[in-house]
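Here are a few exercises to help you find your way around a new structure. Have a go at each task before you read the solution.

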Amino acid sequence: MIIIPERDIAGLVSAADCFVAVEQTFASMAKQSARNFPVIREALGHADALYGFKSGFDRESLALGLKSGGYWPNNAQKGLTNHQSTVFLFDADTGRCRAIVGGNLLTALRTAAASAVSIKHLARPDSKVLGIVGAGHQSTFQLRAALEQRPFEKVLAWNKTPEKLERLASVAREKGLPFQSVSLEQLCGEADVVITITSSFSPVIAEGLIRPGTHLACMGTDTKGKQEVAPEIVAGSTVFTDEVVQSTSIGEAQHAFRLGMIDAAAIIPIGVVVNGDHPGRRSAEEITLFDGTGVGLQDLAVASAAVDLALARGTAIEVDA
C-alpha cells in the first residue's frame, strides 16, 4: 500500500496537473463511464464539525475510492487548517486498498481547477476583469487558477471583512495585475468573470447585480442550505454544473430548484461542453453560471495523479498491508 502524506503534496502535484485531472473527470462523467456515489455529510454534534464521505468509480481510469473528512471551524486556534480530509484509493480489480493520500491541499487545488475549467469553456474570450467574492483560504487558489484561463487585466475583490483581502492583493501583485477592494455593486458591474467562494447561508449577491455576458462560478455552496447568489440570478442564467443531482440538492441551484424557478433538466453537466457535445456559451450577452458542488471523482482523480507522480519520481512511501 502506498502512503502519500499531506506534507509531500505541495512538492508533488501542480495546479496544472489538477486541471488536467479534473477536466478529464468531467469528460468521463458526461460519457457516463464514471459516476459519483451518494454523498454523506453530517454534523457531528462535537467541535461544531461537519464530517462526511464522497466516493465514486471511473471505469476509464479505474479510479475507485473515497474522500473522508470535513470542516472543523475551531482548527485555526490549534494551528490547523479548518478543512481536513484524506483520500483512500482502492484497486478496482481486487478491492484492496491501494493508497492513502493527504487530501487538504488536493481539495483546494481541485476546487480551483473546477472553476478554471468552467472559465476555459464558458467565459467570454475577451474577458478582462476578474471578480472574487470571498477571501478565505480557498480564494487564493481560485485566483491563481482563474488567471491561467484568460488574459485578465484587473482583479476586483470583496469580502465581509476587507482586511482579509490582502492575501488576494498579494497574488495580484505577484502576477503584475492591478487590484481593487470594491463594493459588490462595483464588482458585479465591472467584472466579466465572478467567482464566489464563501460559506454563506444567505445570498451575498442580490438579484439584478450580475450584468449580461458575465460568467459566474459559484464554488462555495456544497451543503444543504448554503447560498451565495439570489435564486433569481440562477433562474436567469444558463446553468452548468459538475453533477446535476448535487446541484439541485446541495449546490447553488438548490434554492431556485426548490422554488420551482429552474428544472433539473435545464442544468447542463459541464462535461458535455468539454466533450464538444454542447456549445457552452451561445452569445456574448448570455449569463453563464457554473455550480461547482464538488464531486468525489475529482478527489480520486487528483489523488491518483499524486500516486502516479510519486511512483514515477521514486518518492512514494510503500508499506505492507
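Let's start with a rule we'll need for helices: the expected span of a helix is 1.5 Å times one less than its number of residues. Keep in mind, too, that this is a predicted model.

**Exercise 1. Helix lengths**

Task: Check the end-to-end reach of H2 and of H3 against the rule.

Solution:
- Step 1. Helix H2 covers residues 15-30, which makes 16 residues.
- Step 2. The rule of 1.5 Å a residue gives 22 Å for H2, and the helix reaches 23 Å from first C-alpha to last, so the two values are close.
- Step 3. H3 has 19 residues, and they should span 27 Å. Its end C-alpha atoms lie 28 Å apart, which agrees.

**Exercise 2. The whole chain**

Task: Work out how the radius of gyration of the chain squares with that of a compact globule.

Solution:
- Step 1. Count the parts: the chain holds 11 helices and 18 strands.
- Step 2. For 321 residues, a compact globule would come out near 20 Å; the chain has 19 Å, so the two agree.
- Step 3. Look at the outline: the C-alpha atoms fill a box of roughly 60 × 40 × 40 Å along the principal axes.
- Step 4. Now look inside: 54% of the 321 residues are buried.
- Step 5. Finally, check the contacts with a separation of 6 or more: 69% of them are between residues 24 or more positions apart.

**Exercise 3. Walking across the sheet**

Task: Trace the open sheet of eight strands and find its edges.

Solution:
- Step 1. Read off the order, E10-E9-E8-E11-E13-E17-E15-E16, with parallel pairing.
- Step 2. Strand E10 (179-181) and strand E16 (268-269) are the edge strands, as each pairs on one side only.
- Step 3. Zoom in on strand E15, residues 238-241, which pairs with E16 in the parallel sense over two bridges. Here Thr241 has Pro269 of E16 as its bridge partner.
- Step 4. Turn to the other neighbour: E15 and E17 are joined in the parallel sense by four bridges. Phe240 stands opposite Phe290 in E17.
- Step 5. Check the faces of E15. Thr238 and Phe240 are on one side, Val239 and Thr241 are on the other, and all are buried, so both faces are covered.

**Exercise 4. Helices and their cover**

Task: Say what H3 lies across, and what covers the buried residues of H4.

Solution:
- Step 1. Helix H3 (residues 104-122) lies across strand E11 (193-196), strand E13 (215-218), E15 and strand E17 (288-291). Its direction is at about 165° to E13.
- Step 2. Since 17 of its 19 residues are buried, H3 is largely enclosed by the rest of the structure.
- Step 3. Over in helix H4 (residues 139-147), eight of the nine residues are buried; among them are Phe141, Leu143 and Leu147.
- Step 4. The cover over the buried residues of H4 includes H3, strand E8 (129-133), strand E9 (154-158), helix H5 (166-174) and E11.

**Exercise 5. Two polar residues**

Task: Decide whether Glu23 and Asn36 are buried or exposed, then list what they touch.

Solution:
- Step 1. Place Glu23: this residue is in helix H2. The buried residues of H2 pack against several elements, including strand E2 (34-36), H3 and helix H11 (296-313).
- Step 2. The cut-off for buried is under 20% relative accessible area. Glu23 has 14%, so it counts as buried.
- Step 3. Leaving out residues up to four places away in sequence, Glu23 touches Val117, Lys120, His121 and Val274.
- Step 4. Asn36 is in strand E2, and its relative accessibility of 10% means that it counts as buried too.
- Step 5. With the same residues left out, the contacts of Asn36 include Met29, Ser55, Glu243 and Leu297.
- Step 6. Add a long-range pair: Asn36 and Gln246 are 210 residues apart in sequence, with 9.9 Å between their C-alpha atoms.

Terms used:
Residues numbered from 1 in each chain as written. Predicted model: local features only at pLDDT ≥ 70, side-chain atom pairs only at ≥ 80, totals over all residues. Heavy atoms only, no water. Pairing = 2+ DSSP bridges. Contact = heavy atoms within 4.5 Å. Axes fitted to C-alpha atoms, helices over the stretch in contact; angles between N-to-C directions. Rg over C-alpha atoms; globule rule 2.2 N^0.38 Å. Buried < 20%, exposed > 50% of the residue type's maximum accessible area, 1.4 Å probe, protein only.
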